[in-house]
Amino acid sequence: MTEAVYARGLVKEFGRVTAVTGIDFEVRAGECFGFLGPNGAGKTTTLRMVHCFLPPTAGELRVLGMPVPAECRRIKGYLGVVPQENNLDPELKVLESLLVYARFFDLSRSEALKRARELLAFSGLEGKEQERPEDLSGGMKRRLVIARALINKPRLLLLDEPSTGLDPQARYQVWQRLFRLKEEGVTLILSTHYMEEATQLCDRLVIMDGGAILAAGEPDRLVADHAGREVVVVGDGAARADEVQTASAGLYRDRLFLGGDLFLYTDRGRELLGSLGHLGFRRLVLRPTTLEDVYLKLTGKEYEE
Amino acid sequence: MMARLDVSYLTWRVLGRHLAVFRRSWLVNLSFNFVEPLLYFAAMGLGLGAYVRPIAGMSYLQYLAPGLVASSSMFACAYECTYGTFVRLEYQKTYQAILATPVSLDDLVLGDMLFGAFKAVLYGTVILVVMLILGLVVSPTALLVPPVLAVAGMLFAEVSLIWTGLFPHIDNFNYFFSLIMTPLFLFSGVFFPLDGLSRVLRDLAWLSPLTHVVNLTRGLVLGHLAGLEVDFLFVAVLALALLPFPLRLMRRLVLK
């Protein structure tokens, strides 16, 4: 079985700016794969190369076994794309916008109608057939964009920040749909800067920054490997990092400076906390590590003093 | 350099999409674009025309009206392929949505041109129908006006998309109209015969594509066909020659 996406040495330059600096990754068929990173990390550019919008500057890229850009037309027939910004046709009503889109995939009128009705049901948009996008809530618009991306029964669905800007209920409704698609065997690729989203949805993910992949793996493994089990946050501890080091040498494996605070990553949280007790910090928190810690550690270098 | 042209039948689906959208708003669209040429009809043709000597044996209204067929189709097309295209690209992100389907970028840009040409035909033909009602259509060769406007529409669409590709900002389209479209409108024989102009101006006017489209619409409406093949060749050859430029410029703009 070939990978859904295979990328080696993938580069994208815009003039003199290098947005993606030569990355390697592969996405397995049937998994949910995440690109996690701050704005400007190169996530969207990478996604856009995968869905044949931007031609790569260099490197090898195969999608569903077919080379990009040579086979782009065929590849795009098997893809669904949910862009960062909703791009619904403001003039078209809900049902019509799905039918018009279906024509680009060569669906016949009757096939398109059948598929559109299924998708409106799937997306919880029954009864909204004759509404215009402007009359839909943010969550419904998002679900409609996802429904539209599914009109051709894609094997691979790409979602660029699928739930950015949605309230928690609307976000959860989007996630539910994505879970169901995954169960149906659709390969999902998503970019996000929400840790919660990445943790909930992704089987594997990469963390990107500055156009490069900084780490790759399953969310749990990434946390264990990069952040350890626990973290002690020392409020306003950055300025007294030397004292902390003297007091608790060997009890933490790594540290991070963030906004004046000091993050100590450890597998021995209780002992570490005890060793700091006499230093008189007013804010001292021990908590389990999450993906957020990995993210901060890997992408927060500029905060290091 | 220009990569190989990547065009398929899907370009017609792009046109189909634009027509589906147009169907939602055609009445408003058509009536607004239609008002201006009618105002010219009334003010210039009837008002001013009352003081103008017959031109080549025609009333001024008879002279002016076929010119307005050509200019109206040019303006409709130019609006579509500047503001219309830019709004779809930059504000509505329709381009990005369509490019996520098997449609290629060349299909898409060509589809925009076809839609521009459709509007050129539609808005020119509407004026032609008004002329027919007013008894200003003299010859059955007027039936050839819509297909000629389709070819002319491709040319106007290309010119407009070239501007859109070169100066892609909503504020810059004003300049396209005041620096290019309006001078063409005024000096392409819509309002007065070019024979009275100085040699230099006449030569310049000959270079205007609208001059030839006006010659064609006027000649076909009147049944004066002599020399029209030169005008048609000018329009058709220029349309073919310019074709790569909007495709290349729009590619640069979309893939930035």
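**Figure 1. Chain A of this predicted model is divided into two domains.** Domain 1 of chain A covers residues 5-217, and domain 2 of chain A covers residues 229-288. Everything shown here and in the views below belongs to a predicted model. The centres of domain 1 and domain 2 of chain A, taken over C-alpha atoms, are separated by 40 Å. For a sense of scale, the C-alpha atoms of chain A fill a box of roughly 75 × 45 × 35 Å along the principal axes. The secondary structure of chain A amounts to 11 helices and 14 strands. Of its 305 residues, 46% count as buried. If you like contact maps, here is a number to keep in mind: among contacts in chain A with a separation of 6 or more, 71% link residues 24 or more positions apart.

**Figure 2. Four strands of chain A make an open antiparallel sheet.** The strand order is 2-1-4-5, and the pairing is antiparallel. Which strands stand at the edges? They are strand 2 (17-27) and strand 5 (66-67) of chain A; each has a single partner strand, so one side of each is left without a neighbour in the sheet. Moving inward, strand 1 (residues 5-14) and strand 4 (residues 58-63) of chain A pair in the antiparallel sense over 5 bridges. To find this pairing on your screen, start from Val11(A), whose bridge partner in strand 4 of chain A is Ala58(A). As a reminder, strands of a sheet pair through backbone hydrogen bonds, either parallel or antiparallel.

**Figure 3. Ser275(A) sits in helix 10 of chain A.** This helix spans residues 269-276 of chain A. Is Ser275(A) buried or partly exposed? It has 19 C-beta neighbours inside 10 Å, and because a residue needs 20 or more to be buried, Ser275(A) counts as partly exposed. Leaving aside neighbours within four places in sequence, Ser275(A) is in contact with Ala247(A), Ser248(A) and Leu251(A). For a long-range reference, pick Ile75(A): it is 200 residues from Ser275(A) in sequence, and their C-alpha atoms are 58 Å apart in space.

**Figure 4. Chain A meets chain B.** Here 20 residues of chain A are in contact with 22 residues of chain B. On the side of chain A that touches chain B, the elements giving two or more residues are helix 2 (72-77) and helix 3 (94-103) of chain A. What kinds of residue does this side hold? The residues of chain A there divide into 10 nonpolar, 3 polar and 7 charged.

**Figure 5. Helix 8 of chain B is largely enclosed.** This helix runs over residues 209-222 of chain B, 14 residues in all, and reaches 20 Å from its first C-alpha to its last, close to the 20 Å expected at 1.5 Å a residue. Because 13 of its 14 residues are buried, helix 8 of chain B is largely enclosed by the rest of the structure. Following the helix comes Gly223(B), whose phi is positive, near 80°.

**Figure 6. A closer look at Leu210(B) in helix 8 of chain B****.** With 26 C-beta neighbours inside 10 Å, Leu210(B) counts as buried. Which residues beyond four places in sequence is Leu210(B) in contact with? They are Ala70(B), Ser71(B), Met74(B), Leu184(B) and Ser188(B). Asp231(B), 21 residues from Leu210(B) along the chain, has its C-alpha atom 9.9 Å from that of Leu210(B).

Methods
Residues are numbered from 1 along each chain as its sequence is written. Chains are lettered from A and ligands numbered from 1 in the order in which they are written. This is a predicted model: local features need pLDDT of at least 70, side-chain atom pairs count only at pLDDT 80 or more; totals for chains, interfaces and linings use all residues. Two residues are in contact if their C-beta atoms, placed from the backbone, lie within 7 Å. Ala, Val, Leu, Ile, Met, Phe, Trp, Tyr, Cys and Pro count as nonpolar, Asp, Glu, Lys and Arg as charged, and the others, Gly among them, as polar. The expected span of a helix is 1.5 Å times one less than its number of residues. A residue is buried if 20 or more other C-beta atoms lie within 10 Å of its own, exposed if 12 or fewer, and partly exposed in between; C-beta atoms are placed from the backbone. Domain bounds come from an automatic or database domain assignment. Two strands pair if DSSP finds at least two bridges between them.
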